[in-house]
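Visitor: I should like to learn how the features of a protein model are read. Please take me through them one at a time.

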Amino acid sequence: MNTDNNIQNIDALGEDHVGTSADTPMRSDAFVLSPEEKIDLIKDDVRHIMETLGLDLTDDSLKGTPMRVAKMFVKEIFGGLSPDRKPNASTFENKYKYGEMLVEKNITLYSTCEHHLLPIVGKAHVAYISKGTVVGLSKMNRIVDYYAKRPQVQERLTMQIVQELQRVLGTDDVACVIDAKHLCVNSRGIRDVESSTVTSEFGGAFKNQDTRREFLDYIKLDTHF
C-alpha cells in the first residue's frame, strides 16, 4: 500500500513539473568519476533495463544500444552538467555605444524533462541592454545550449540562462522567453500534442512594462531569408 502511495506521489510531482531550486540539484561527489567511468556504469544500467523489459540484447540491432545510450547521456544530452563544458563567454567593450536592446530570437532548444527523461523541444528568445560590454552573438546560443543539456524543468532553465548572462555582462538588464513542447505531455499522460509551455524571466529594465512590451514585439517578428 505504501509503495502505491509513493508511486502516486511521484507521478503527481512529475505531472505538475515542480522544480525545487534555481540551481540544478547536484550531489557533492558529482564529478568524482571520469566521463569514461560514468559511461561504463551507465552502460550496464541500460543493459539491465533492457533485459528487464525482455529485450534480446544478442540481436544485432540492440547489442550496441547500452553503450550508445551511455555515451549519449554523458557526452551529449546531459553534457551541460559538466562545468568543463561551460562556454567561455568573452565580453567586449561596447565601443560603438549601442544603447538599445539586443535580441537573439528563435534559438533552437533541445533539453530533457527531469521527471520522465523525455525531450523538451522549443525556441528560446534572449535579450539584453548593454551596460558597457557586449557578448558575441553565438555565445548567447551556446549558453542556452549548455543549460539545456541537462535534466531540466523549463522554469529553472529560463532562470539559469538569464542569471548566466547577467553575470557575464555585468547587468541585470537581461530577459528570456522560452516556448517549448514537452514530450512527457505530448507523447504520454494526457497526450496533448498541440500544447506548448511558455516561461519568461525579466531582469532589470525588462521589468518595466514598456521595455518588456518592446522585447515581446521583437520576438513576434516573422523572419524569413
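Guide: The following turns treat the sheet, a helix and an annotated site.

Guide: This is a predicted model, in which local features need pLDDT of at least 70 and side-chain atom pairs count only at pLDDT 80 or more, while totals for chains, interfaces and linings use all residues. Residues are numbered from 1 along each chain as its sequence is written, and side-chain values use heavy atoms, without hydrogens and water.

Visitor: What is the order of the strands in the open sheet?

Guide: Helices (H or I, at least four residues) and strands (E, at least two) are DSSP runs numbered from the N terminus, and two strands pair if DSSP finds at least two bridges between them. Here five strands form an open sheet in the order S5-S2-S3-S6-S7, with mixed pairing. Strands S5 (151-152) and S7 (197-202) each have a single partner strand, so one side of each lacks a neighbour in the sheet.

Visitor: Which helix packs on the sheet?

Guide: Contact means heavy atoms within 4.5 Å. Helix H5 (residues 154-169) touches S2, S3, S5, S6 (174-182) and S7.

Visitor: Which residues does the "binding site" annotation cover?

Guide: UniProt annotations may be inferred rather than shown by experiment. The unreviewed UniProt entry lists Cys113, His116 and Cys184. They spread over 72 residues of sequence, yet their largest C-alpha distance is 7.4 Å.

Visitor: Is Cys184 buried or exposed?

Guide: Buried means under 20% relative accessible area, exposed over 50%, and partly exposed in between (1.4 Å probe, protein chains only). Cys184, in helix H6 (residues 183-186), is buried at 2%. His116, in the loop between S2 and S3, is partly exposed at 26%.

How values were computed
Axes are lines fitted to C-alpha atoms, for helices over the stretch in contact, and angles run from 0 to 180 degrees between N-to-C directions.
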